[in-house]
Amino acid sequence: MTTGPTVREIAARGIVDGRAEGPALVAREPVSFLGDVDIRSGRIVGDLPSARNAIVAGRVLIFPYTSGSAGAWRFLYQLYKHGKHPVALVTEAVPDPSVVQGAILAGIPIVCAPAERLIGRVENGTMIQVEAAGERGLLRIMG
Amino acid sequence: MILTAAEQAMLDGDAGIAKQRAMAGLVQLGRAFGAERMVEIGYAHIHAGMALYLDDVELIEELAGEGARMAVPASVNIANADTVDWRRTGAPESLARLQRRAADAHDRMGSACTFTCTPYWAGHWPTWNTHMTSIESTVTIFCNSVLGARSNRDGFFAVYAAIAGRYPLFGYHLDENRRGTHLFEIVDTPEGTSDFSCLGFHIGGIAGDGVPVLRGLARRPSLDELDALGAGMATSGGVALFILPGVTPPFASVEAAFAGRPLPESIAVGRGDIDAVYRRFCTGAADRFDIVHVGCPHASFEEMRDYAARLAGRRIHPDVEFWVTTSRAVRHMAEQAGLLRTIEAAGAKVISDTCPISCHFARTTSPDPALGIVPPPIRTVVVDSAKQAKYVRDMIQCDTLLTTTEGAIETAISGRFVDAHAAARR
């Protein structure tokens with residue numbers, strides 16, 4: 001008898017509606033979309049030792065909280081316009097209003113406060129499905 | 001979220017596609033922050049549509065095309081080109097043409113095309129308890145802290161709020177968040193806007209996204225100094241509101257600023273802290289700078305008077321490019337008052353609608369390649385504002401020399417950098 005890949009479901013709080021799937025990229029530090037991520041390449045250029053030089057494009061980006069300027073929405077939206085955006089954001093704390101506004105504009109789902117700690121436990125590259133509808137958010141950790 | 005019948009009708013599309021899109025976004029934003037309901041707003045400061053970012057002007061045109069109209073008085077934030085006379089900044093005409101398309105879209109939507117980060121100097125002056133929204137964090141902090149209006153640090157959704165005339169009730173719209181979190185004891189009262197911008201920058205770095213309360217200033221700061229103070233705080237930290245008892249409505253005392261709760265231990269701030277901010281942003285060589293700039297945030301009429309008085313009858317050094325940036329509204333008033341003639345006769349360029357960090361000098365933008373934008377090589381910019389200094393470093397990615405307004409003007413005339421201390425001794 002064969003068993004399929006294990007799928008672990010973790011409840012979270014829905015922030016921005018949507019569904020997405022992609023390999024995880026975990027940053028242990030707060031992320032500022034204005035300054036930390038290059039718009040044209042999607043590369044992390046800011047002072048984030050745990051994720052420096054990683055590419056956010058196509059990834060489920062997992063990090064503790066957002067920091068920095070109220071201009072963050074424009075940079076998240078520009079990442080989307082250049083096709084270099086993360087497919088979903090997973091944060092511990094509710095992100096800044098500006099980041100939420102950019103994500104809604106770009107159609108990037110956000111969930112926060114997952115019921116289990118992910119940072120330090122989920123490996124980069126692990127496939128993750130993110131679903132958010134209203135207050136309800138769900139993460140599926142594949143494999 | 002509980003919506004009124006009118007708000008539900010907007011969400012259902014009964015009031016047109018633009019209002020539906022706006023309300024759908026605002027409802028999601030409100031849900032994310034646990035807002036129980038919407039509140040009617042009285043003013044909005046909205047996104048310009050920026051020509052240096054891919055498809056960004058198109059975003060504003062799209063709204064205008066969907067029939068969006070401003071439900072409340074709305075001013076428009078700073079833009080990426082001087083749309084009236086872009087040649088003086090060296091910008092290509094392609095950029096100015098694209099930026100002008102945004103102006104046309106705003107004209108159709110009924111937003112006042114101020115293209116400025118200081119709409120209050122252009123007459124947009126919300127009052128105590130006015131719920132509002134702003135895309136520019138300097139506007140948010142000035143309106144909250146000096147005028148007593150209620151605003152969060154918003155992004156693009158300021159335009160959605162302006163279209164719907166509503167904003168979800170959370171953050172600085174609620175009394176419970178308009179209370180002090182940090183107490184600063186100002187030991188040495190600063191003098192002039194540059195000192196106040198450095199004071200704000202220092203405080204913002206400590207207060208983060210808290211609400212700093214300031215005690216100990218020997219006098220009531222001028223409106224320009226209050227503007228500079230807030231701009232500094234909003235730059236180094238995420239401060240949306242500071243409380244200066246006796247100035248910030250409705251707080252008459254330090255005790256009121258903390259809503260009667262025990263005061264936290266105070267943090268002393270002195271001349272040394274202000275000087276450290278000047279030093280931090282003095283990275284360039286004293287005899288090698290490309291531009292001297294004043295007018296961040298965009299100059300008020302009073303500041304234009306000050307520049308004219310300092311420049312009257314004098315000449316900018318032939319090797320120096322000197323920029324004064326202001327809004328088109330203040331520029332017009334200055335022109336009518338004869339100040340522009342005095343400033344320009346000295347050899348200064350008066351630029352409106354944009355500024356060094358907002359124009360094509362910035363290296364962190366992402367324009368359509370077809371526009372042919374090439375940021376010019378710039379080694380050092382002399383500035384009189386901690387806000388401009390921080391963003392010159394981050395966006396133009398070159399050295400800065402930070403001094404006072406007087407120091408900047410004396411630098412422009414002598415051709416050699418005059419720091420804050422040297423300027424004070426003159």
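Against which helices of chain B do the buried residues of H3(B) pack? In this predicted model, helix H3 of chain B spans residues 56-65, and its buried residues are Asp56(B), Val57(B), Leu59(B), Ile60(B), Leu63(B) and Ala64(B). These residues lie on the same side of H3(B), because they cover an arc of only 160° around the axis. An α-helix has 3.6 residues a turn, so residues three or four places apart point the same way. The buried residues of H3(B) pack against three helices of chain B, namely helix H2 (17-32), helix H4 (93-109) and helix H6 (157-164). Following H3(B) comes Gly67(B), for which phi takes a positive value near 90°.

A second region of chain B is built around strand S9, which comprises residues 291-299 and is mostly covered, with nine of its nine residues buried. S9(B) pairs in the parallel sense with strand S10 (residues 321-326) of chain B, the two being joined over five bridges, and within this pairing Ile291(B) has Glu321(B) of S10(B) as its bridge partner. Together with helix H11 (residues 301-311) of chain B, the strands S9(B) and S10(B) make a β-α-β unit that is right-handed.

S9(B) is also joined by three bridges to strand S12 (residues 380-383) of chain B, and these two strands run parallel. In this pairing, His293(B) stands opposite Val383(B), a residue of S12(B). S9(B), whose nine residues are buried, thus has parallel pairings both with S10(B) and with S12(B).

Key:
Residues are numbered from 1 along each chain as its sequence is written. Chains are lettered from A and ligands numbered from 1 in the order in which they are written. This is a predicted model: local features need pLDDT of at least 70, side-chain atom pairs count only at pLDDT 80 or more; totals for chains, interfaces and linings use all residues. A residue is buried if 20 or more other C-beta atoms lie within 10 Å of its own, exposed if 12 or fewer, and partly exposed in between; C-beta atoms are placed from the backbone. Helices (H or I, at least four residues) and strands (E, at least two) are DSSP runs, numbered from the N terminus. Two strands pair if DSSP finds at least two bridges between them. A crossover is right-handed if, with the strands pointing away from the viewer, the path from the first strand over the helix to the second runs clockwise. The arc is that of the directions from the helix axis to the C-beta atoms. Two residues are in contact if their C-beta atoms, placed from the backbone, lie within 7 Å.
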